[in-house]
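Below are my notes on the model, as numbered points. Please read them alongside the sequence and the coordinates.

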Number of protein chains: 4
Amino acid sequence: MSQSVSTRDKLISAAVKVFSEKGFFNTKVSDIVKEAGVAQGTFYIYFRSKEEIFLRITELVEGLIDETIERYRRSKENIREVIYSFAEEVFYTLDRFKEVSYIFFFQLLCMQDELKEKYINIHRKFVQFYRELLSEYENNHILADMIVGFGEKLFKFDVLIEGREIKDVIDEFKSGIDIILRGIR
Amino acid sequence: MSQSVSTRDKLISAAVKVFSEKGFFNTKVSDIVKEAGVAQGTFYIYFRSKEEIFLRITELVEGLIDETIERYRRSKENIREVIYSFAEEVFYTLDRFKEVSYIFFFQLLCMQDELKEKYINIHRKFVQFYRELLSEYENNHILADMIVGFGEKLFKFDVLIEGREIKDVIDEFKSGIDIILRGIR
Amino acid sequence: MSQSVSTRDKLISAAVKVFSEKGFFNTKVSDIVKEAGVAQGTFYIYFRSKEEIFLRITELVEGLIDETIERYRRSKENIREVIYSFAEEVFYTLDRFKEVSYIFFFQLLCMQDELKEKYINIHRKFVQFYRELLSEYENNHILADMIVGFGEKLFKFDVLIEGREIKDVIDEFKSGIDIILRGIR
Amino acid sequence: MSQSVSTRDKLISAAVKVFSEKGFFNTKVSDIVKEAGVAQGTFYIYFRSKEEIFLRITELVEGLIDETIERYRRSKENIREVIYSFAEEVFYTLDRFKEVSYIFFFQLLCMQDELKEKYINIHRKFVQFYRELLSEYENNHILADMIVGFGEKLFKFDVLIEGREIKDVIDEFKSGIDIILRGIR
DNA sequence: TATGAATGAGACTTCATTCAT
DNA sequence: AATGAATGAAGTCTCATTCAT
């Protein structure tokens with residue numbers, strides 16, 4: 001049984017690698033099994049289809065982010081401090097699972113229906129989180145949009161594409177937050 | 001000849017429609033020709049492949065944005081005014097070609113090599129534009145990242161996904177710019 | 001267009017040949033297209049699946065028999081004469097399309113649902129036809145069952161399997177009818 | 001060892017059930033083992049292949065019929081009585097093993113070579129049996145064909161498909177025999 | 001130019017069978 | 001004997017592209 005878990009995991013890891021390199025549509029199931037070192041048929045013991053394994057992978061990121069947002073939602077500390085720690089945690093987490101995050105951020109939006117919706121939902125949750133957090137400020141909607149756009153840009157482009165150090169990016173994000181909040185009552 | 005131009009245009013329009021609805025990979029050449037009302041073989045008189053027509057379409061947005069950025073690069077007016085007009089023009093232009101923009105913003109990042117690079121280049125140009133524009137400010141890099149992330153978020157999610165009115169979005173963007181620049185020297 | 005009809009017909013003929021030789025389940029689409037001398041993909045221009053072309057073929061026999069039964073149903077001649085001509089016509093028709101008949105009689109009963117039902121329906125129609133025809137006789141139900149069983153046996157085994165001459169078989173059938181009807185009121 | 005016999009029997013019973021429900025070709029070995037409640041690999045301890053277990057099952061019917069025919073072949077009673085008892089026994093036997101009979105009558109004819117031959121041989125044996133039995137009658141060949149066709153029709157359609165009571169069917173068969181023999185010298 | 005039938009490479013998926021435990 | 005994960009051959013079907021008309 002631990003054998004079978006291990007095969008499933010080999011497939012997931014292989015799929016993460018291949019999907020993040022070639023994208024969902026350019027990936028063949030044969031690429032995944034080759035990478036995993038198992039036979040073609042083995043794939044279908046664990047996953048009904050290429051779509052399903054992809055779904056499972058995106059759910060990993062979804063789960064990580066969801067959980068983090070929920071945890072910080074109840075936080076009662078100083079707002080800036082909350083944003084700092086929250087962002088730090090999210091950035092670090094996504095960075096630790098870079099390839100999976102890559103798939104989530106780059107492969108979902110070009111898909112249809114529920115898959116694309118997955119991305120949109122996470123996006124909305126981020127926005128909602130900041131709106132609530134900043135609810136006592138004027139223009140909290142605008143602030144939330146700015147922060148989310150800023151953060152997303154930093155992770156997607158600076159980290160995932162340009163390969164910037166996550167520490168530097170987090171520092172920049174914090175500085176940005178300071179700038180945004182500085183002029184605010 | 002005007003006849004043939006018209007067929008090519010029919011194909012481009014049809015492709016824009018179908019690509020924006022189903023995405024590049026889920027679109028069949030047969031979908032495009034059906035939508036265009038021409039025969040399957042006709043497609044290949046005008047385009048070498050499905051990739052090529054897709055490329056041509058993305059170049060439309062690329063061109064529009066490129067041109068606008070170049071034009072504003074030499075602008076010598078008051079910085080805030082430049083940002084205002086520039087953003088207004090970019091937002092309105094993209095909004096006018098919503099479907100093409102949709103393809104550009106949602107279909108490119110999941111692709112490989114040059115196609116993905118197209119998106120990245122435009123992104124970099126935006127960042128570079130704002131860096132230069134704000135070069136006399138402290139933290140101009142951070143400001144540029146914030147503005148670009150904010151703007152991109154607004155267009156992709158609020159306009160293209162949520163269907164918000166472009167006028168409202170532009171207003172929000174301007175307010176955001178004010179907030180960002182308020183506390184800055 | 002006559003070209004395309006011809007390709008469809010080539011496929012039908014090839015499928016009839018191969019199905020009757022190897023049976024439905026042992027037939028691959030690749031066998032059919034090889035026999036028809038067309039490319040694999042061509043098959044799917046004309047038929048959605050192996051099931052569909054099979055269905056079309058069985059409908060040919062179904063149609064032939066249906067039509068003949070309906071035509072004789074209204075016949076007002078002497079009963080024995082009606083049976084004679086009806087049987088003659090059915091036997092000759094099925095014999096002329098031996099391979100298709102073979103498929104109908106040997107491939108349908110091992111299938112599921114509607115396909116098997118096709119065979120059963122035809123069987124029922126034969127029985128019903130003879131019941132009505134013999135309605136003025138005592139035991140017409142039994143007579144109908146005997147005649148249908150007898151006829152079916154003759155065609156399936158003596159003609160299709162043993163390869164007996166259709167003329168001889170028809171003669172035997174008529175003699176059988178005489179025997180059955182001889183002792184009857 | 002009694003343990004292992006039991007596993008083999010479980011497999012046979014399961015296979016009979018599944019084959020009669022879905023047909024040979026639509027049955028997967030995994031269906032059989034699931035029904036039998038044993039592991040996939042266990043199947044191959046007892047049977048070399050899916051074909052083999054199928055063969056074993058058809059041999060059951062074959063054996064039953066063979067044995068009955070042989071037993072009645074030496075019978076010296078009154079012909080009508082022989083036919084009556086013989087038919088009664090065959091009908092009851094097949095009815096008792098309905099599912100196996102179902103497989104025999106509906107699954108063999110669509111197969112190739114020896115399997116199909118099995119059905120044909122039994123058919124021929126029936127015909128031969130009646131020919132011999134009726135050898136002193138004129139037209140004994142025709143009578144034999146009629147009786148066999150009639151009986152086969154009754155069992156396959158009326159019993160196996162329409163679900164008629166075996167007792168009623170046997171009565172009808174006997175009446176039919178009376179009709180057939182009535183007019184005969 | 002325009003057509004649309006034909007092509008065939010290549011992807012997905014199934015499932016009978018094997019084999020290490 | 002029993003297990004069930006793993007195998008991989010084989011089959012179905014899709015679809016971008018070609019080509020004769």
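1. Which base atom of DNA strand E does a backbone N or O atom of B:Gly41 lie 2.8 Å from? The partner is a base nitrogen; a polar contact is a pair of N or O atoms within 3.5 Å. The phosphate oxygens of DNA strand E also take part: one is 2.9 Å from a side-chain N or O atom of B:Thr42, and one is 3.2 Å from a side-chain N or O atom of D:Lys28.

2. This is a predicted model, in which local features need pLDDT of at least 70, side-chain atom pairs count only at pLDDT 80 or more, and totals for chains, interfaces and linings use all residues. Residues are numbered from 1 along each chain as its sequence is written, chains are lettered from A and ligands numbered from 1 in the order written, and side-chain values use heavy atoms, without hydrogens and water.

3. DNA strand E is surrounded by 32 residues, counted as near if one of their heavy atoms lies within 4 Å. Sugar and phosphate make up 65% of the strand's atoms that come within 4 Å of the protein.

4. The rings of B:Tyr102 and B:Phe106 have centres 4.5 Å apart and planes at 15 degrees, so they are stacked (ring centres within 6.5 Å; planes under 30 degrees apart stacked, over 60 edge-to-face, the rest tilted). Both residues are buried (under 20% relative accessible area, 1.4 Å probe, protein chains only).

5. D:Phe86 and D:Phe129 form a tilted pair, because their ring centres are 4.3 Å apart and their planes at 35 degrees. The two are 43 residues apart and link distant parts of the chain.

Key. A polar contact is a pair of N or O atoms within 3.5 Å; within protein, one must be able to donate a hydrogen and the other to accept it, and residues adjacent in sequence count only if both atoms are side-chain atoms. Rings of Phe, Tyr and Trp (its six-membered ring) pair if their centres lie within 6.5 Å; planes under 30 degrees apart count as stacked, over 60 as edge-to-face and the rest as tilted. Buried means under 20% relative accessible area, exposed over 50%, partly exposed in between (1.4 Å probe, protein chains only). Helices (H or I, at least four residues) and strands (E, at least two) are DSSP runs, numbered from the N terminus.
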